[in-house]
Amino acid sequence: MKVAFPVQMRRIDELIIERGIPSVLLMENASRSVLEEVLKYPTVKEIAILCGGGNNGGDGYAIGRLLLNAGKTVSVIECYHPSTPDAIFNASLFVSFGGGIHACEESTVESLLSRADMVIDSIFGTGFHGELQGRVAELVEYINGLKSVKLAVDIPSGVSGFDGSVRGIAFRADKTVTFGAGKVGHYLYPGRDYCGEVVVRSEGFSREILDRQLDSSVIDEELVLELLPERHADSHKGTYGAVLIVGGSEIYTGAPFLSALGALRSGCGLTYTYTPPEAAAVIRSNLPEVIAIVGKGPHIFRDDLDTIVEIAKKADSIVIGPGIGRNEETAETVLELLKVFSKSSMVLDADGLYALSKDLTVLSRTEDILLTPHPGEFRRLCGETDLKSLMDFCENFHCRVILKGSSSVLCNPYGKLSINITGTTGLAKGGSGDLLSGTIGSFAAQTGDLERAGILGMYFMGKAAELSDESDASNTASSIGKEYSRVFSCLVEGARGEKHGIGT
Ligand SMILES: NC(=O)C1=CN([C@@H]2O[C@H](COP(=O)(O)OP(=O)(O)OC[C@H]3O[C@@H](n4cnc5c(N)ncnc54)[C@H](O)[C@@H]3O)[C@@H](O)[C@H]2O)[C@@H](O)CC1
Ligand SMILES: Nc1ncnc2c1ncn2[C@@H]1O[C@H](COP(=O)(O)OP(=O)(O)O)[C@@H](O)[C@H]1O
Ligand SMILES: [K+]
């Protein structure tokens, strides 16, 4: 599902208006779709709408008029004077259809809000920046404490549509009705928490313009089915690629095992690991299908370089880092490997990223690398962890990065985002990152495309956690890796349903 940055959405609105649909008609269409969503709550009779001065406020006045016509009791609370032509027009229409407007400073506003069955937030939309302040912040905080149904128009006020960040207070919605396409800020935390259920309504928008203007996505089943490598009856292990995982140390003996589990279970033809002996023993006793090559010492050292390079000749992708540790010689060896493999398809994870932080210039020589840091690791590389910094980093170093979290974002050098929203708190436990890196390495070996592999890997691990029978608290990366089979089955069933018009 395509998603938009606010600036892209503004451009889409402009293009549609240039084609001849008046902006006020776009506003009417948007407001009608909100009306339909409100009418899905049959017990809601009395509604309070907070309106800002921009076009989001304009939507609010139009929604108010439509709700009055639908027989509801409606009060508008004016947070800012209407200032755009469409907001001014719709505010006056609301009044001429008998609507009542209250200034937000009025002392009766709180009791009016507490009486309402539903509160609609039409204060700010995609034009919001900064922080809610003064009386508006006070009212939003008051509303957040009420039991009524809360619905946000386009995006909850206080949430940045660009990156989901919230400074101070924001409206906490049960449902957010958005127009044309979801906004990036709907799907990234903390914004994702404030949106409740996100309903995308695109009546009146042109599919062709949306497709042409937008390249970022929230990863959904449809996209995954498009990207999933096919499996042919007439095939062999060579058809599905080979991955080499380099990692492990005498302390971290399980990480390469988890990474190899991800690789095996996501369909790779051959999985090689190169690890110190203690880590190889774990792999050999748990995953006999893996070709576990044993390193020379308790860590990956310079002495191992030649053998690793030799094995890598058989691999279509290389994962470096799971459990590799922070020994200084190991870090130097990792930097050497990055230079030697500069033309290979590589996933760099965990303490492989620690090694990279010692010399970021190595990135300028790599042609096809995906970094998979969590925010702590990314801060070490970049100094910041916000979305703009991530996008700048990928552009400057011409690389791909997955910034992992409760929502994860894959960013490419051209500012295209792929946002993963699958997953559970069962993944918030040591080991999940290792499982992910091997899964991505496996899909990279199968498809020859790291970005595609990153998208598939994130979705697979998250979906497997969702489908697992284990409770989130007691789930483990090794159990989640074993659930990949269910993800494949679900996708196949979904595809079959779609083919026969059943829907999923
Ligand atoms: N034709 C269109 O462009 C359509 C727009 N629509 C609505 O219009 C919205 C976008 O409208 P606008 O671009 O007018 O943006 P907003 O309605 O979000 O308001 C932006 C205004 O608020 C001010 N502002 C921003 N942050 C502030 C802060 N922290 N404190 C005080 N003031 C602040 C800005 O300076 C600007 O004047 C969308 O979210 C959507 O709801 C829909 O009606 C669909 C059609
Ligand atoms: N609450 C959550 N919801 C969804 N995914 C999560 C959650 N917590 C963690 N994850 C995922 O689990 C993985 C954890 O990776 P990482 O922090 O590197 O862990 P590890 O210490 O196991 O290497 C990431 O892919 C992250 O997106
Ligand atoms: K809003």
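**Two open sheets and an annotated site**

Val-246, in strand β11, stands opposite Ile-320 in β14, and this pair is a convenient place to enter what is a predicted model, in which local features need a pLDDT of at least 70, side-chain atom pairs count only at pLDDT 80 or more, and totals for chains, interfaces and linings use all residues. Residues are numbered from 1 along each chain as its sequence is written, while chains are lettered from A and ligands numbered from 1 in the order in which they are written. The chain averages a pLDDT of 96, with 98% of the residues at 70 or above, where pLDDT is the predictor's confidence in each residue, from 0 to 100; for the complex, the predictor gives an ipTM of 0.95 and a pTM of 0.96.

Helices (H or I, at least four residues) and strands (E, at least two) are DSSP runs numbered from the N terminus, and two strands are said to pair if DSSP finds at least two bridges between them. Strand β11 (residues 242–246) and β14 run parallel and are joined by four bridges, and β14 is in turn joined by three bridges to β15 (residues 345–348), again in the parallel sense, with Ile-318 opposite Met-346. Both faces of β14 (residues 317–320) are covered, since Ser-317 and Val-319 on one side and Ile-318 and Ile-320 on the other are all buried; a residue is buried if 20 or more other C-beta atoms, placed from the backbone, lie within 10 Å of its own, exposed if 12 or fewer, and partly exposed in between.

These strands belong to an open sheet of 10 strands with mixed pairing, in the order β10-β19-β18-β17-β16-β15-β14-β11-β12-β13. Its edge strands, β10 (217–218) and β13 (291–294), each pair on one side only. Towards the β13 edge, β12 (residues 270–275) is joined to β13 by four bridges in parallel, Thr-275 having Val-294 as its bridge partner. Helix α12 (residues 277–286) lies across both strands and runs at about 160 degrees to β13, where axes are lines fitted to C-alpha atoms, for helices over the stretch in contact, and angles run from 0 to 180 degrees between N-to-C directions.

A further open sheet has seven strands in the order β4-β3-β2-β5-β6-β7-β9, with parallel pairing. Because β4 (100–103) and β9 (197–201) stand at its edges with a single partner strand each, one side of each is left without a neighbour in the sheet. Within this sheet, β5 (residues 118–122) and β6 (residues 149–153) pair over four bridges, and Met-118 stands opposite Val-149. Helix α6 (residues 134–144) has Val-136, Leu-139, Val-140 and Ile-143 as its buried residues; seen down the axis, they fall within an arc of 100 degrees, and therefore line one face of the helix, the arc being that of the directions from the helix axis to the C-beta atoms. These buried residues pack against β2 (46–51), α5 (109–115), β5 and β6, contact meaning that C-beta atoms, placed from the backbone, lie within 7 Å.

An unreviewed UniProt entry places a "binding site" at Lys-404, Gly-405, Ser-406, Ser-407, Ser-408 and Gly-433. They span 30 residues in sequence, yet no two of their C-alpha atoms are more than 13.7 Å apart, so they gather at one spot. Ser-406, in the loop between β17 (400–403) and β18 (408–411), counts as partly exposed with 17 C-beta neighbours inside 10 Å, whereas Ser-408, in strand β18, is buried with 26.

Note on methods
UniProt positions renumbered as here; feature names shortened; annotations may be inferred. Contact = placed C-beta atoms within 7 Å.
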